[in-house]
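Okay, thanks everyone for coming. I'd like to walk you through the ligand site and the empty spaces in this one, so let's put it up on the screen.

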Amino acid sequence: MTPTITAFERSPDGGKGLARDMRVRWALEEVGQPYDVRLVSFSEMKEPAHLALHPFGQIPTYEEGDLALFESGAIVLHIAERHAGLLPDDANARARAITWMFAALTTMEPPIVDREVAKLLEGDETWYEQRLPVLEERVRDRMGQLSRRLGDADWLDGEFSAADLLMVSVLLRLKRSGMLGQYTNLSAYVARGEARPAYKRAFDAQLAVFTAAFTGR
Ligand SMILES: N[C@@H](CCC(=O)N[C@@H](CS)C(=O)NCC(=O)O)C(=O)O
């Protein structure tokens with residue numbers, strides 16, 4: 001059965017692939033599972049039909065027959081568990097990969113998103129200039145720790161897995177800030193993720209949505 005995911009009708013990131021449908025698209029592309037996309041506007045996301053799928057009125061969601069999921073990490077895990085290619089077969093290696101998936105979403109992503117949100121919503125506040133270095137320090141702490149752990153390895157734990165897919169997705173949020181470029185091995189790690197054919201297909205698909213919304217093509 002072909003799953004359906006939801007994505008922004010007009011992504012606020014301008015098609016840069018930072019909205020969280022991108023990681024779900026990427027996972028589906030990695031395992032070769034075709035999918036449909038239902039585009040939603042900001043107002044539709046807050047209406048009952050969408051709230052029945054996503055209690056917080058956000059994207060992405062994932063529907064497959066009777067199953068409806070929300071939370072990008074849970075969706076990627078679901079895809080990885082049902083298809084070969086995104087989680088190792090060995091039980092311990094699989095548990096470690098899932099650990100890294102949680103690390104990407106619960107240890108790395110929050111400080112990165114806190115910094116982004118502050119820039120977006122608090123940039124005009126008088127205290128913003130004092131707050132920014134604190135937020136950036138928290139991001140750098142985590143980047144430094146991750147950089148030391150990754151060392152010169154290609155991926156977090158052996159072969160590419162759903163853990164790398166999520167970690168690269170999270171780190172990509174920092175690309176424009178210049179902070180990623182301060183960690184040579186993390187920049188190379190992200191570039192390796194972006195170079196994957198499945199990533200490129202997913203990126204092109206989400207960009208096509210944005211382009212169509214603005215050009216009508
Ligand atoms: N923890 C959620 C976060 C979902 C999320 O923040 N989605 C954003 C797009 S990337 C969204 O829908 N924002 C619109 C809103 O919150 O109104 C996940 O990983 O799926």
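Let's start with the shell of residues around the ligand: by class, six of them are nonpolar, two are polar and three are charged. Keep in mind as we go that this is a predicted model. So who's actually in that shell? Going along the chain, we meet Phe8, Ala19 and Arg20, then Phe42, Met45 and Lys46. After those come Gln58, Ile59 and Pro60, and finally Glu71 and Ser72.

Now, which ligand atoms do the polar side-chain atoms of Arg20, Gln58 and Glu71 lie close to? For Arg20, it's an oxygen atom of the ligand, at 3.0 Å. Gln58 also has a polar side-chain atom by a ligand oxygen, and there the distance is 2.9 Å. With Glu71 the partner is a nitrogen atom of the ligand, 2.8 Å away from a polar atom of the side chain. As for how covered the ligand is, on its own it has 510 Å² of accessible area, and the protein covers 77% of that.

Stay with Glu71 for a second, and look at its backbone. Its phi is positive, about 75 degrees, even though Glu71 isn't a glycine. Most residues other than glycine have a negative phi, and most peptide bonds are trans. You'll find Glu71 in the loop between β4 (67-70) and α4. There's another backbone feature in the shell too: Ile59 and Pro60 are joined by a cis peptide bond, with omega at about 5 degrees. Pro60 belongs to the loop that runs between α3 (48-51) and β3 (61-64).

Okay, zooming out. Where does the ligand sit? It's in the largest pocket, which holds about 1,300 Å³ of space. There are 44 residues lining that pocket, and the ones nearest its centre are Leu18, Arg20, Val113, Glu116 and Arg173. The elements giving two or more residues to that lining are α2 (42-45), α4 (72-82), α5 (91-121) and α9 (197-215). The top contributor is α5, with 12 residues. By class, the pocket lining has 21 nonpolar, nine polar and 14 charged residues.

Last topic: the cavities. How many of 30 Å³ or more turn up in a search of the whole structure? Two. The largest cavity has about 70 Å³ of space. Its lining includes Phe8, and we've already met Phe8 around the ligand. Also lining this cavity are Ala7, Ser11, Gly15, Asp21, Arg25, Gln206, Val209 and Phe210. β1 (4-8), α1 (21-31) and α9 each give two or more residues to the lining, and α9 has the largest share, at three residues. Sorted by class, that lining comes out as four nonpolar, three polar and two charged.

The second largest cavity has a volume of about 60 Å³. Among the residues lining this second cavity are Gly17, Leu18, Ala19, Arg20 and Arg173. The rest of the list is Met22, Arg23, Ser169 and Leu172. In class terms, four of the lining residues are nonpolar, two are polar and three are charged.

If you take one residue home, make it Arg20. Arg20 has that polar side-chain atom 3.0 Å from a ligand oxygen, Arg20 is among the residues nearest the centre of the largest pocket, and Arg20 helps line the second largest cavity. Okay, that's me done, thanks!

Technical notes
Residues numbered from 1 in each chain as written. Predicted model: local features only at pLDDT ≥ 70, side-chain atom pairs only at ≥ 80, totals over all residues. Heavy atoms only, no water. Near = heavy atom within 4 Å. Polar contact = N/O pair within 3.5 Å; in protein donor to acceptor, adjacent residues only side chain to side chain. Areas by Shrake-Rupley, 256 points an atom, 1.4 Å probe, with all protein chains shown as cover. 1 Å grid on protein atoms, 1.4 Å probe; cavity = no way out; pocket = protein on both sides within 12 Å on 5 of 7 lines; lining within 4 Å. Sits in = over half its atoms within 2 Å of the grid points. Nonpolar A, V, L, I, M, F, W, Y, C, P; charged D, E, K, R; others polar. Points joined across faces, edges and corners; volume = space filled by probe spheres on them. Helix = DSSP H or I, 4+ residues; strand = E, 2+ residues; numbered from the N terminus.
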